[in-house]
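Please read the following briefing with the sequence and the model side by side, taking each topic in turn and finding every named residue before moving on.

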Amino acid sequence: MAETKLAGNMLKKDDLIVIAGAGGFIAGALTKRFHDQGFTRIRAVDRKPLPEWYRRTPGVECLSMNLAEPANCVRACEGAAEVYCLAADMGGMGFIERFRVECLRSVLVNTHMVEAAWRAGARRYFFSSSACAYNTRLQQATDSRPLKESDAYPAFAERGYGWEKLFSEMVCQEYWAERGLRTQIARFHNVYGPWGTWDGGREKAPAALSRKVIEAKDQGRKWIEVWGDGSQARSYMYVEDVIEGIDRIMHCDELTATPINLGSAQLLSVNELLDHVEAVAGTKLERRYKLDAPKGVVGRNSDNTMIKKVLGWEPSIPFKQGIKPTYKWIEQQFNSRKAGARTAA
């Protein structure tokens, strides 16, 4: 097991941390984590206009720039000690199945950011990959075995989003092999939690089902539409686990240029997920299954053997626990929007 290292004991408090995609869900939470730890120089970057960022942490430098442009990446990485690249065009299955070109174009962000980080003399670079990089032929049954890191090859990733992630992993690996930039790579498995996308087409299953239950209750409706037949199975990781994992992976030399799973090992079907949402909501609804809706692979779970061996840690917050604050936050957002207030989307 590697020695546990975190940003708090590897960086000076005035070292510059750059976080790309910080106007969104996970990177926004990561920004707050480092600020709360006392880091005084954090540069948060996102292409969205500042008023549209999901959350902004006071005291953090916030830049609205499109990181698909090389010059913007150079500006973003100026003086950086560490760079975290979480910027990408992505969403739930409804988005990544319909907008493959947009997903593929995210390759420009990582390609230009890793180059800019290297030129700026950054010491470490983090890339947020995805379980969508795994061979889809291994995910055709609800009881498919958990995916281990080597299962990405032979490659047969999800079209669009998955192939972009797989190629970008290779770019990061070559920057370490050829140019000596420490690159750390985590394959995320379905992250959820407060401050995440909950409406508009990019939301993932926990947020989408929470919103649908809230809408049904608000309208006095006794049924809910479910994409697929409800048997599709995934693991879902609470946001606090993912930002802890990012910090640990980023500062583990043993994992340099080595893709690793970052996900919960708790497998849930869509029906089981909805059971938990209904329990929090205090309701029970008829399920109307939309069999022609986008639903992705049939079954996907994270094999956490490697992360437990190397870090002595794995994501551990159970879905039953994490869905409570997630549902309550989405409910508050729903009610605020209904009252005419600006909300995160």
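Ile 19 counts as buried because its relative accessibility is 0%, and this residue lies in strand β1, which runs over residues 16-20. The model is a predicted one, so every value below is computed from predicted atom positions.

**Surroundings of Ile 19**

- Leaving aside residues up to four places away in sequence, Ile 19 touches Ala 27, Leu 30, Thr 31, Phe 34, Ile 42, Arg 43, Ala 44, Val 45 and Tyr 84.
- Ala 80 stands 61 residues from Ile 19 along the chain, and the C-alpha atoms of these two residues are separated by 10.0 Å.

**Thr 57 and the largest cavity**

- Thr 57 lies in the loop between β2 (41-46) and β3 (61-64), and it counts as buried because its relative accessibility is 11%, where the cut-off for buried is under 20%.
- Not counting residues up to four places away in sequence, Thr 57 touches Thr 31, Lys 32 and His 35.
- How many cavities of 30 Å³ or more does a search of the whole structure find? The search finds 2 of them, and the largest holds about 40 Å³ of space.
- The residues that line the largest cavity are Ala 22, Gly 28, Thr 31, Ala 44, Trp 53, Arg 55, Arg 56, Thr 57, Val 60 and Cys 62, so that Thr 31, listed among the contacts of Ile 19 and among those of Thr 57, appears in this lining as well.
- Sorted by class, the lining of the largest cavity has 5 nonpolar, 3 polar and 2 charged residues.

**The second largest cavity**

- About 30 Å³ of space lies in the second largest cavity, whose lining is made up of Ala 2, Glu 3, Thr 4, Lys 5, Arg 248 and Leu 311.
- By class, the lining of the second largest cavity divides into 2 nonpolar, 1 polar and 3 charged residues.

**Backbone features to look for**

- Most residues other than glycine have a negative phi, and most peptide bonds are trans.
- Asn 190, although not a glycine, has a positive phi of about 45°; Asn 190 is placed in the loop between β6 (182-188) and β7 (191-192), and it is buried, with a relative accessible area of 15%.
- Ala 257 is also a residue other than glycine with a positive phi, here near 55°; Ala 257 is found in the loop between α8 (239-250) and β11 (260-262), and it counts as buried at 13% relative accessibility.
- Tyr 153 and Pro 154 are joined by a cis peptide bond, with omega about 0°, and Pro 154 is found in the loop between β5 (124-130) and α6 (161-179).

**Cysteines without disulfides**

- How many disulfides does the structure hold? The structure holds 0 disulfides, and Cys 77 is in none, since the nearest cysteine sulfur, that of Cys 73, is 6.5 Å away while a disulfide needs two sulfur atoms within 2.5 Å.
- Cys 77 counts as buried at 0% relative accessibility.
- Why is Cys 252 without a bond to the closest cysteine sulfur? The closest sulfur, in Cys 172, is 16 Å from the sulfur of Cys 252, and therefore too far for a bond.
- Cys 252 also counts as buried, because its relative accessibility is 2%.

Notes. Residues are numbered from 1 along each chain as its sequence is written. This is a predicted model: local features need pLDDT of at least 70, side-chain atom pairs count only at pLDDT 80 or more; totals for chains, interfaces and linings use all residues. Side-chain values use heavy atoms; hydrogens and water are left out. Helices (H or I, at least four residues) and strands (E, at least two) are DSSP runs, numbered from the N terminus. Buried means under 20% relative accessible area, exposed over 50%, partly exposed in between (1.4 Å probe, protein chains only). Contact means heavy atoms within 4.5 Å. On a 1 Å grid over the protein atoms alone, a cavity is a set of points where a 1.4 Å probe fits but cannot get out, and a pocket is an open set with protein on both sides within 12 Å along at least five of seven lines; lining residues have an atom within 4 Å of a point. Grid points are joined across faces, edges and corners, and a volume is the space filled by probe spheres set on the points. Ala, Val, Leu, Ile, Met, Phe, Trp, Tyr, Cys and Pro count as nonpolar, Asp, Glu, Lys and Arg as charged, and the others, Gly among them, as polar.
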